[in-house]
Amino acid sequence: MITSRDHTGKPIFSVTDGKKLGEVKDLYLDREMRQVAAVFLGREGLINRKTLMIARSAVQVYGIDAWLASGSDTVVGPEAIPESETFLLVNDLRGRELQTEGGTKIGVIDHVILDHEARVMGFGLGKVYSQGPLAERKAIARDAILNLGAAKEPMTINLAQAESLALPSA
């Protein structure tokens, strides 16, 4: 399995002219946290800091050593990507608590687990407050999440489903 951390620092190149477009600084997830929605390349400018990103649709290859985008013109600001205001940076997700439907704390999100097409398979746990399969795996499948929570609200999980769902191997 590939984690969001594994992609940090990977270069992104244009397939049309080989130009280096930047490096993955972070990943944006879609509103439902089902897939990578865009790549965060950083910010430029001293006074008016402009966010630079590449939409998922422009990424053609999520490679082991580098990512390939469709062209040099794919680096844009958030205003050029529909619904970008609903995206969530993986770094902002770190530290979000997981709890059962009854309110029992399960753990804290540390990273996102992705497949080879940048779809979210699950979440790696930094801290685990429970014992059992989740504590051993230190990961939870995306399909076990009932409520995604918010910045100051925990995610809610179905514990039985979380313990029974195994994440696929890489």
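## Contacts and overall form

In this predicted model, residues 24 or more positions apart account for 48% of the contacts in the protein chain with a separation of 6 or more. The secondary structure of the protein chain comprises four helices and 15 strands. With a radius of gyration of 17 Å, close to the 15 Å that the globule rule gives for 170 residues, the protein chain is as compact as a globular protein of that length.

The C-alpha trace spans about 50 × 35 × 25 Å along its principal axes. Of the 170 residues of the protein chain, 46% count as buried, while the area that the protein chain exposes comes to about 8900 Å², with carbon and sulfur atoms supplying 49% of it.

## The mixed sheet

One open sheet is formed by four strands in the order E3-E2-E8-E7, and its pairing is mixed. Strand E3 (20–23) and strand E7 (59–62) are the edge strands, each of which pairs on one side only. On average, and with direction ignored, neighbouring strands of this sheet are turned by 20° against each other.

Strand E2 (residues 11–14) pairs with E3 in the antiparallel sense over three bridges, and within this pairing Phe13 stands opposite Lys20 in E3. The two strands E2 and E3 form a hairpin with five residues between them, and Gly18 in the turn has a positive phi of about 75°. At the E7 edge, E7 and strand E8 (residues 67–69) also pair in the antiparallel sense over three bridges, with Val61 standing opposite Leu68 in E8.

## The antiparallel sheet

Another open sheet is made by four strands in the order E6-E5-E4-E9, and here the pairing is antiparallel. Its edge strands are strand E6 (50–55) and strand E9 (88–89), each pairing on one side only. Strand E5 (residues 36–44) runs antiparallel to E6 and is joined to it by six bridges; in this pair of strands Glu44 stands opposite Lys50 in E6.

## Nonpolar cores

The largest nonpolar core has 36 residues, and those with the most contacts inside it are Ile12, Val39, Leu93, Leu98, Phe123 and Ile140. Strand E11 (residues 105–114) gives the most to this core, contributing four residues. A second, separate core has nine residues, among them Tyr28, Ala38, Ala55 and Phe87.

The surroundings of Ile12 can be described in further detail. When residues up to four places away in sequence are not counted, Ile12 touches Lys19, Lys20, Leu21, Gly22, Val24, Val39, Leu41, Ile54, Trp67 and Ala69.

## Positive phi outside glycine

Which residue in the loop between strand E4 (26–29) and E5 deserves a note here? That loop holds Met33, which has a positive phi of about 55° although it is not a glycine. Is Met33 buried or exposed? With a relative accessible area of 3%, Met33 is buried, because that value lies under the 20% cut-off for buried residues.

Lys138 is likewise a residue other than glycine with a positive phi, near 55°, and its place is in the loop between helix H3 (133–137) and strand E13 (139–141). At 41% relative accessibility, Lys138 counts as partly exposed, because this value falls between the 20% limit for buried residues and the 50% limit for exposed ones.

How values were computed:
Residues are numbered from 1 along each chain as its sequence is written. This is a predicted model: local features need pLDDT of at least 70, side-chain atom pairs count only at pLDDT 80 or more; totals for chains, interfaces and linings use all residues. Side-chain values use heavy atoms; hydrogens and water are left out. Two strands pair if DSSP finds at least two bridges between them. Axes are lines fitted to C-alpha atoms, for helices over the stretch in contact, and angles run from 0 to 180 degrees between N-to-C directions. A nonpolar core is a set of buried Ala, Val, Leu, Ile, Met, Phe, Trp, Tyr and Cys residues joined through side-chain atoms within 4.5 Å. Buried means under 20% relative accessible area, exposed over 50%, partly exposed in between (1.4 Å probe, protein chains only). Contact means heavy atoms within 4.5 Å. The radius of gyration is taken over C-alpha atoms; the globule rule is 2.2 Å times the number of residues to the power 0.38. Accessible areas come from the Shrake-Rupley method with a 1.4 Å probe; for residues, only the protein chains shown count as cover.
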